[in-house]
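Subject: Structure for you to look at

Hello,

Here is the structure I said I would pass on. Please open it next to this email and follow along.

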Amino acid sequence: MASFSFGAGNAAKLLRIPLYLAGRVATWVIPRTRDGWVFGSAVGIADGALALWRHAAAEGQRGVWLTADAAQDAQAADMGIPTVRRGTLRGFWVTARARVVVVTHGFGDVDRYATGGALVVQLWHGIPLKRIGLDSPATVRAPLPFLTPLVAALYRATQRRIAVLPAASHLVRGRLESAFALDDERVPVTGEPRVDVLSTGSATQRRDSARASIAQLVGAPAGADDRAYVLYAPTWRDGDPDPAVPDAADWRALHAMLEATDAVLLIRSHPLGAGDYTAGAGERVRLFGSDLVPDVTPLLPGMDVLVTDYSSLVFDASLVPLPVVFLAPDAEDYAVERGFYGRYDDVTEGTQARTWTEAAAQLAEVIPAGPERSARVARAVALDARVHAHRDGRNTARVYAVIRRRLEGVRR
């Protein structure tokens, strides 16, 4: 599985400083179009960028998607989305000409050297529980300690290009303003476009659609699969391996629990992390990585339980609402190394397991209908009330309206 760390990434950025400078000079010279947009996302044709693309296209907005490979080209073609390959001269040109640049992870979602002067919309990819950006020392980690201030200064300067960064609520807004060093005007509380799919239609429609998709992905008959689905989605650990990989005893406890509850565990290791779960894979344990499902958010209504550590999926799941089992074998170390917004116990209420054996014991009580499941659903509802200001399926429309107003302000 792919691995990435801030240290390695920042070292590469320092080596590319001449390219950034050349790109900035080029964007001073190349005129931007009046209304062209470019879209990109590190996870492919998905996430909030896809939601905004669909809304903008319905409004008559023209644009192009920057893709990473032939598979993304084919997926976009099926959706009727024009594409240009990222990392090419053509990709640089369309980014340099675009009036609006839409990304979900970073400037590398499009052409990182050609964003100067554009109206940059950073949709981000989840509500942060762990500290991110300038709030985390990991973000500005440098290959040599004396270079850390330079990396931090470059990061801050880059993030100042962001014109719109949607927030799910005023609570989340404060985190994003701090992490990206942005003022209130650039962080409107519109809700996240990426989670509109969790508020559109009825709860029954959302679950039926998600269950049908999950059944297709795991090879089960659609509509005839009554098994419970447990999604395991750990966060990224800056290139370090997942410390929760089960040992032999954990696998035995897991398989016994899954058989007893007629459940299937779907393992979704982080696409930039590392975790070898092949030893326990089988009928009851399926690998459900980003190569199979680039964006798992639309499938959350089809799940029965979420198992995670510090992933932002816990906040997405609260919109379902979905009960959560927390598996955090390194919570104390992670709090020191990366840190949290608030206290981890405020989210977990002290229920986190340290091993898969402990998590399996909790799952045995949470999967069936009963008091423990009801209690955890109630916690999810309470968490949703804290972090989401909007649940009407119109987050994307609000973000689009903000962009249009910003464009009109620039023209005036």
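Below are some notes on one sheet and a helix that lies across part of it.

The model is predicted, so local features need pLDDT of at least 70, side-chain atom pairs count only at pLDDT 80 or more, and totals for chains, interfaces and linings use all residues. Residues are numbered from 1 along each chain as its sequence is written, and side-chain values use heavy atoms, with hydrogens and water left out.

The sheet is open and parallel, with 5 strands in the order β9-β8-β7-β10-β11. Its edge strands, β9 (285-287) and β11 (324-326), each pair on one side only. On average, neighbouring strands are turned by 25 degrees against each other, direction ignored. Strands are DSSP runs of E, at least two residues, and helices are runs of H or I, at least four residues, numbered from the N terminus. Two strands pair if DSSP finds at least two bridges between them.

Strand β7 (residues 228-232) has 5 of its 5 residues buried (under 20% relative accessible area, 1.4 Å probe, protein chains only). A228, V230 and Y232 are on one side of β7, with Y229 and L231 on the other. β7 pairs with β8 over 5 bridges, and V230 stands opposite L265 there. With β10 (residues 305-308), β7 shares 3 bridges, and Y232 stands opposite V307.

β8 (residues 263-267) also pairs with β9, over 3 bridges; L265 stands opposite V285.

Helix α9 (residues 248-261) lies across β8 and β9, at about 135 degrees to β8. Contact means heavy atoms within 4.5 Å. Axes are lines fitted to C-alpha atoms, for helices over the stretch in contact, and angles run from 0 to 180 degrees between N-to-C directions.

Regards

Definitions and conventions. Buried < 20%, exposed > 50% of the residue type's maximum accessible area, 1.4 Å probe, protein only.
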